[in-house]
Amino acid sequence: ITDQIPGYMDDEITMLNVGEIECFIVEDERTYAVCRNRTRYLVKSRLYELEGRLPGDFVRISRSVIANWKNISKLKVQLSGAVDAVFQSGYTECISRRCFADLKRRYGL
């Protein structure tokens, strides 16, 4: 379990404090860390690799997103029945139905 991960932006490498990261997302086959200040850093690891290295507060909420449960401020249910995770920064990601069922069991939602 690690408490810092290197994040890449332009020609800089920043050591990201894991607690400041709201989620990891995959877009265009690249993994990004989205931080509390809404800054996105490229991360040179795949989601499945990160899952093994991150603390237990990080949970998979869809095929392409791992979220920091401590940084989710609310869960928002859409009319369609879909559930969104709204992070402290206001950033929003959709939770897949299968992952939401796991979260309900894990956290007693």
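A polar contact is a pair of N or O atoms within 3.5 Å; within protein, one must be able to donate a hydrogen and the other to accept it, and residues adjacent in sequence count only if both atoms are side-chain atoms. One such contact, of 3.0 Å, joins the side chains of asparagine 71 and arginine 36. The model is predicted, so local features need pLDDT of at least 70 and side-chain atom pairs count only at pLDDT 80 or more, while totals for chains, interfaces and linings use all residues. Residues are numbered from 1 along each chain as its sequence is written, and side-chain values use heavy atoms, with hydrogens and water left out.

**Asparagine 71**

Helices (H or I, at least four residues) and strands (E, at least two) are DSSP runs, numbered from the N terminus. Asparagine 71 is found in the loop between β7 (65-68) and β8 (72-77). Buried means under 20% relative accessible area, exposed over 50%, and partly exposed in between (1.4 Å probe, protein chains only). With a relative accessible area of 1%, asparagine 71 is buried. Contact means heavy atoms within 4.5 Å. Not counting residues up to four places away in sequence, asparagine 71 touches Gly19, Glu20, Ile21, Glu22, Arg36, Phe87 and Gln88.

**Strands and hairpins**

Two strands pair if DSSP finds at least two bridges between them. Strand β1 (residues 4-9) is antiparallel to strand β2 (residues 12-17), and six bridges join them. In this pair, tyrosine 8 stands opposite isoleucine 13 in β2. The two strands form a hairpin with two residues between them, and aspartate 10 in the turn has a positive phi of about 55°.

β3 and β4 also run antiparallel, joined by six bridges. Glutamate 27 has arginine 30 in β4 as its bridge partner. These strands form a hairpin with two residues between them. The loop between β3 (21-27) and β4 (30-35) holds aspartate 28, and glutamate 29 has its place there as well. Both have a positive phi, as the table shows. Most residues other than glycine have a negative phi.

| Residue | Phi | Relative accessible area |
|---|---|---|
| Aspartate 28 | near 50° | 74%, exposed |
| Glutamate 29 | near 60° | 71%, exposed |

β3 is largely enclosed by the rest of the structure, because five of its seven residues are buried. β3 also pairs with β7, in the antiparallel sense, over three bridges. Here phenylalanine 24 stands opposite isoleucine 66 in β7.

**Nonpolar cores**

A nonpolar core is a set of buried Ala, Val, Leu, Ile, Met, Phe, Trp, Tyr and Cys residues joined through side-chain atoms within 4.5 Å. Which residues of the largest nonpolar core touch the most other members? Of its 18 residues, they are Cys23, Ile25, Ile61, Phe87 and Ile95. At least two residues of this core come from each of β3, β4, β6 (58-62), β7, β9 (83-87) and α2 (97-107). Apart from it lies another core, of 14 residues, among them Leu16, Leu47, Leu54 and Ile66.

Isoleucine 61 touches Ala67, Ala85, Glu93, Cys94, Ile95, Ser96, Cys99 and Leu103, not counting residues up to four places away in sequence.

**Arginine 97**

Helix α2 contains arginine 97. Arginine 97 counts as exposed, at 75% relative accessibility. Its C-alpha atom is separated by 7.9 Å from that of valine 83, and the two residues are 14 residues apart along the chain.
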